[in-house]
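Let's walk through this model together, one helix at a time. Keep the structure open beside you as you read.

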Amino acid sequence: MLQPENIDWIAFDADDTLWHNEPYFDEAQQRFAELFQNYVSHQEALQVIFQHQVDNLPLYGFGIKAFTLSMMDSALEITQGKLTGKAVEMILQIGRDLLQKPVELLPEVIEVLTALQKKHALIVATKGDLKDQHRKLHDSGLGAFFHRIEVLSDKTTLDYQKMLDRLACKPERFVMIGNSLRSDVLPVLQLGGHAFHIAYHTTWEYEKIDFELKHENFKTLGHLSELLQIL
């Protein structure tokens, strides 16, 4: 059983854990699909861009800039290489709009961070564009709650282990909180850490897993404030 006094670091994912994010990407993909409605169906356009995003992860990584490049790749495939300059500009504008979206905090975030920072060292552990994630943290007003900010290229066991090494923290004294079972939970459990999953109402397909997760160091919470009863 997790004992709060035995925890050195508590890490929070950012997107869709501290603030809204995925709905903006959903909206962007809808805009992309509408651009090419004369070529393919709406669903086909969404499938093409998802496949390019996944295929491009080893090269482009995560974040808005990677997403924009994947939109370009998708558009080239859909139009069979006959992409117009106007279409390129419209795709770039979708990416620019994403980079300027307001930061809207999720419920209970301020309350929970205020309480936890009095007892624990807190860290943001997220992935995506370095500049964009720092912008969102600044605009969120949450920076003062955290001792460190870690923007990771990915969230594999190796990425977490490197982060724990930087923190001089043993896995069993580390807690991760996030909305993605694939990125925020599984790698941490594999290292021997603790993880809490707080589902968001929409999740990128890539971040889902196709099996039921059971582990003594894992728990799913319905609300962020439930952490205060545990930590």
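**A helix pair and its surroundings**

H3 and H4 pack with their axes 10 Å apart, at an angle of about 160°; axes here are lines fitted to C-alpha atoms, for helices over the stretch in contact, and angles run from 0 to 180 degrees between N-to-C directions. The two helices, H3 and H4, are therefore roughly antiparallel, a label for angles over 145 degrees. Their crossing is right-handed, meaning that the near helix is turned clockwise from the far one by less than a right angle. Helices are DSSP runs of H or I with at least four residues, strands are runs of E with at least two, and both are numbered from the N terminus.

A word on the source: this is a predicted model, in which local features need pLDDT of at least 70 and side-chain atom pairs count only at pLDDT 80 or more, while totals for chains, interfaces and linings use all residues. Residues are numbered from 1 along each chain as its sequence is written, and side-chain values use heavy atoms, leaving out hydrogens and water.

Which residues bring the pair together? From H3 come Ile64, Phe67, Thr68, Met71, Met72 and Ala75, and they meet Val88, Ile91, Leu92, Ile94, Gly95, Leu98 and Leu99 of H4; contact means heavy atoms within 4.5 Å.

Now look at H4 by itself. This helix covers residues 85-99, 15 in number, and reaches 21 Å from its first C-alpha to its last, close to the 21 Å expected (1.5 Å times one less than its number of residues). Its buried residues are Ala87, Ile91, Ile94, Gly95 and Leu98, where buried means under 20% relative accessible area and exposed over 50%, with a 1.4 Å probe and protein chains only. Seen down the axis, these buried residues fall within an arc of 95°, so they line one face of H4; the arc is that of the directions from the helix axis to the C-beta atoms. Helix H1 (22-35), helix H3 (64-78) and helix H6 (130-140) are what they pack against. On the face turned away from the buried side of H4 sit the exposed Gly85 and Lys86.

H5 (residues 109-116) has buried residues too: Val109, Val112, Leu113 and Leu116. They cover an arc of only 95° around the axis, which puts them on the same side of H5. Their cover includes S1 and strand S2 (121-127).

Finally, find Asn21 in the loop between strand S1 (9-12) and H1. Asn21 is buried, with a relative accessible area of 10%. Not counting residues up to four places away in sequence, Asn21 touches Asp15, Asp16, Lys136 and Tyr200.

Notes:
Parallel < 35°, antiparallel > 145°, perpendicular 65-115°, else oblique.
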